[in-house]
Amino acid sequence: MVTESTPKHRHRAWVEVDLDALVRNAHALIVQARKPLIPMVKADAYGLGAVPVVRALEATHPMAYGVSSIPEGEELRAAGIERPIIVFTPTVIESPSMDWTPGDHLRMLKARLTPTLARREDILAWGIFAPDRTWHLAIDTGMHRAGIECALLDVLSDALERYPPAGAFTHFHSAERDDGSMELQEARFRAAVEQLPERPRILHAENSAGIARRTPSAWDCVRPGVFLYGVGSGPKAAIQPEPVAHLRARVLELREVPDGEGVSYGATWRARGPSRIATVALGYADGLRRHLGNVGVALLNGTRVPIAGVVTMDMTMLDVSNVNCGIGDVVTFLGRDGDAVLTAEEVAAAGGLSAYELLTGLRLRLPRIHLGAR
């Protein structure tokens, strides 16, 4: 059933990345927010390949890209990306107990990366070291992960006067919920911005859920992440993404299993009557979580089939008693097969993890096949 887009290759298992769907998801966010994007492409674009993802997203004319580390930013520069790149993990410049050297500063300067700062020492050090380079101020309004606490902004007043930030931002902790927390954090952010010596040119707050659940944005740009890669923000969201990642593997073996016989380690699955079992070339070493054993499903020729027994390191077994299949047929563990879809949210929930962990946990031994957006 996986036909037109099925790659003509001999891979036993792979991750198929639909770049056209990615770009459509980005355009949906732009229409919803009515503001430009800062796409988050950290962690190798959530496991889907930062360089091809960014090259596809260039068509949406983003304001900047968001990464988590200097090497991630350097990778994009080496690939020829010229737009601003913001490093969102806090940049600690002045600390006697950290192995942060002038070489790291030079790397950021050479790669033209924009740091996010929140400590007075770091702002002053960056301003002295790179007075003509921009930076963004991280403001903590309730996430309590990183940034200057909004109630403590006055400790930065002299540093902000000397080296004002080009941007300021906060991060919502529960934007997918209707609990008022996003509105509270936004009010705190607005009050914090009013305390700054001057309004930064670029203010941003909304993550994927914040964008998808309201329109338009009240700020200068928005900062989507997981929505781009096909993960939604719940049934109440105003927009839903298309699937982007498709985890596929081929059938390696087929066998008849008699009534009562067990399958996989521990024989936790037992045949209820004569059964047909397919072995596919995908396991927990590839990122298919072991927790999916006996509870997860896959798509085979457009039909849902259950995982039979424990997921093993390199292989997984499926009960295909009720579907026609043969050696070499393509099985989909995440994404679309014809009209049938296994969403990242569904697969993640069955495996006892978040959709973020699911995508970033797909192991690098799986080749990425990037389709579309040429």
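The following legends describe close-up views of a predicted model.

**Figure 1. Overall view of the predicted protein.** The C-alpha trace spans about 75 × 45 × 40 Å along its principal axes. Its secondary structure comprises 11 helices and 18 strands. Of the 374 residues in the protein, 54% are buried. Among contacts with a separation of 6 or more, 67% join residues that are 24 or more positions apart. The exposed surface amounts to about 16600 Å², and carbon and sulfur atoms supply 52% of this area.

**Figure 2. The largest nonpolar core.** In soluble globular proteins, nonpolar side chains tend to be buried together. The largest such core in this model contains 114 residues, and V41, L137, Y229 and F333 have the most contacts inside this core. Helix α1, which covers residues 19-33, gives the most to the core, contributing seven residues. A second, separate core consists of seven residues, among them V257, W269, I277 and M317.

**Figure 3. Surroundings of L137.** This residue is one of those with the most contacts inside the largest nonpolar core. When its neighbours within four places in sequence are left aside, L137 is in contact with L117, A118, I148, L153, L156 and L160, and also with P165, G167, A168, F169 and L196. L137 falls within the residue range of strand β5 (136-140), and its contact L117 falls within that of β4 (113-117). Both strands give two or more residues to the lining of the largest pocket.

**Figure 4. The largest pocket.** About 1000 Å³ of space lies in this pocket, and its lining is formed by 48 residues. Nearest the pocket centre lie K42, M143, R145, H171 and N207. Two or more lining residues come from each of the helices α2 (42-47), α9 (208-212) and α11 (355-360), as well as from the strands β4 and β5. Strand β5 provides the largest share, three residues. By class, the lining divides into 22 nonpolar, 18 polar and eight charged residues.

**Figure 5. The enclosed cavity.** The structure holds one cavity of 30 Å³ or more, and the largest cavity has a volume of about 60 Å³. Its lining includes Y229, G230 and V231, followed along the sequence by P243, V244 and A245. Further lining residues are L334 and G335, the run L342, T343 and A344, and L359. Nine of the lining residues are nonpolar and three are polar, while no charged residue takes part. Y229 thus appears in two views: in this lining and among the residues with the most contacts inside the largest nonpolar core.

Methods:
Residues are numbered from 1 along each chain as its sequence is written. This is a predicted model: local features need pLDDT of at least 70, side-chain atom pairs count only at pLDDT 80 or more; totals for chains, interfaces and linings use all residues. Side-chain values use heavy atoms; hydrogens and water are left out. On a 1 Å grid over the protein atoms alone, a cavity is a set of points where a 1.4 Å probe fits but cannot get out, and a pocket is an open set with protein on both sides within 12 Å along at least five of seven lines; lining residues have an atom within 4 Å of a point. Grid points are joined across faces, edges and corners, and a volume is the space filled by probe spheres set on the points. Ala, Val, Leu, Ile, Met, Phe, Trp, Tyr, Cys and Pro count as nonpolar, Asp, Glu, Lys and Arg as charged, and the others, Gly among them, as polar. A nonpolar core is a set of buried Ala, Val, Leu, Ile, Met, Phe, Trp, Tyr and Cys residues joined through side-chain atoms within 4.5 Å. Buried means under 20% relative accessible area, exposed over 50%, partly exposed in between (1.4 Å probe, protein chains only). Helices (H or I, at least four residues) and strands (E, at least two) are DSSP runs, numbered from the N terminus. Contact means heavy atoms within 4.5 Å. Accessible areas come from the Shrake-Rupley method with a 1.4 Å probe; for residues, only the protein chains shown count as cover.
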